[in-house]
Amino acid sequence: MQASAKANLHALGAIALWAALASLGVTLRHVPPFLLTGIALVIGSMPAWPLVARNPRLWAIAPSTLALGIYGLFGYHFLLFIALRVAPAVEANLVNYLWPLFIVVLAPLFLRGLTLRPAHVLAALVAFAGAAIAILGAQDGAAAGGWSWGYLLALGAAFIWASYSLLTQRVAAFPTAAIGLFGLVSGLLSLLCHVLLEPAATLSARDWLLLAVMGLGPLGAAFFLWDRALKLGDARQIGILSYITPLASTALLLVVSGRAFSWSIGLAAVMILGAAVLGTPTR
């Protein structure tokens, strides 16, 4: 199998796991967000622990690389959660989904040997429009509208995730197992934010089970798969494919909530999948 095909499969695996994040988040909405993220990130780092126990050098990375990992995993969630608190959640989440567009547009600036063609920009814009239709169409007109400074935080979160994803290919090569260290440190920082910024919470056995699922999936394995995808593939194509995430996430939320699919989901699917084909890059 070609490296690009493997990269796309890894990316699709991460996307499939991230699609479940919103549904899990709705189920765990009573858990303070930094507590939820901190526990899930620490759990998500656990698959790397046996590897590191056998070979501690897997986590012997440069301090600048660790700082980049914290910038990506902790910085992204920190800004996003504050944005979702101070701005209308639907619109803030849509601004957050500019990160795949940023990956496509910024790839030539961060990575040598890549060029940006009109087809890439057009595909990314069409995919974002499809994501907007999926997200806003599923709200039944309940979007709040209006300006909030929280949108700037959501925009910052989008930039952080895009730039982190691209910069991981610029720093000295590091093993994918190091993602576990990124998650562990970021999780501990999130728990510190919980102590400083959020009220204490009591978790049930069901909460812990769902947190384990979230940690091992969307906030764990997805990051490992994402790292492998970026190491093997073309960031522009992966960025466009990433717009499947809001589409799949919205569709799964409709299934979980028992609501019927609307025309907006079908149109969004056509737009996003069409954009993925249109944006298949050539150097």
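**A walk through an all-helix chain**

From the N terminus on, the elements of this chain run α-α-α-α-α-α-α-α-α-α-α-α-α-α, which amounts to 14 helices and 0 strands. The model is a predicted one, and that should be kept in mind while reading what follows.

A good way to begin is to ask how the parts of the chain meet one another. Among the contacts in the chain with a separation of 6 or more, 89% are accounted for by residues that stand 24 or more positions apart. Of the 283 residues of the chain, 52% count as buried.

Turning to the interior, the reader will find that the largest nonpolar core has 84 residues, and that the residues with the most contacts inside this core are Trp18, Trp99, Trp161, Leu166, Phe223 and Trp226. Leu166 can serve as an example: leaving aside residues up to four places away in sequence, Leu166 touches Ile103, Leu106, Ala107, Phe110, Leu111 and Ala235.

Moving outward, the accessible surface of the chain comes to about 12400 Å², and 72% of that surface belongs to carbon and sulfur atoms. On the surface there is a nonpolar patch formed by Val86, Trp149, Leu152 and Leu155, which together have about 370 Å² of accessible area. One of these residues, Leu155, lies in helix H9, which spans residues 150–167. Is Leu155 buried or exposed, or something in between? Because its relative accessible area is 34%, Leu155 counts as partly exposed, since that class lies between the limits of under 20% for buried and over 50% for exposed.

Key. Residues are numbered from 1 along each chain as its sequence is written. This is a predicted model: local features need pLDDT of at least 70, side-chain atom pairs count only at pLDDT 80 or more; totals for chains, interfaces and linings use all residues. Side-chain values use heavy atoms; hydrogens and water are left out. Helices (H or I, at least four residues) and strands (E, at least two) are DSSP runs, numbered from the N terminus. Buried means under 20% relative accessible area, exposed over 50%, partly exposed in between (1.4 Å probe, protein chains only). Contact means heavy atoms within 4.5 Å. Accessible areas come from the Shrake-Rupley method with a 1.4 Å probe; for residues, only the protein chains shown count as cover. Patches are made of residues with over 30% relative accessible area and no salt bridge: like charges are joined within 9 Å, nonpolar side chains (Val, Leu, Ile, Met, Phe, Trp, Tyr) within 5 Å. A salt bridge is a side-chain nitrogen of Lys or Arg within 4 Å of a carboxyl oxygen of Asp or Glu. A nonpolar core is a set of buried Ala, Val, Leu, Ile, Met, Phe, Trp, Tyr and Cys residues joined through side-chain atoms within 4.5 Å.
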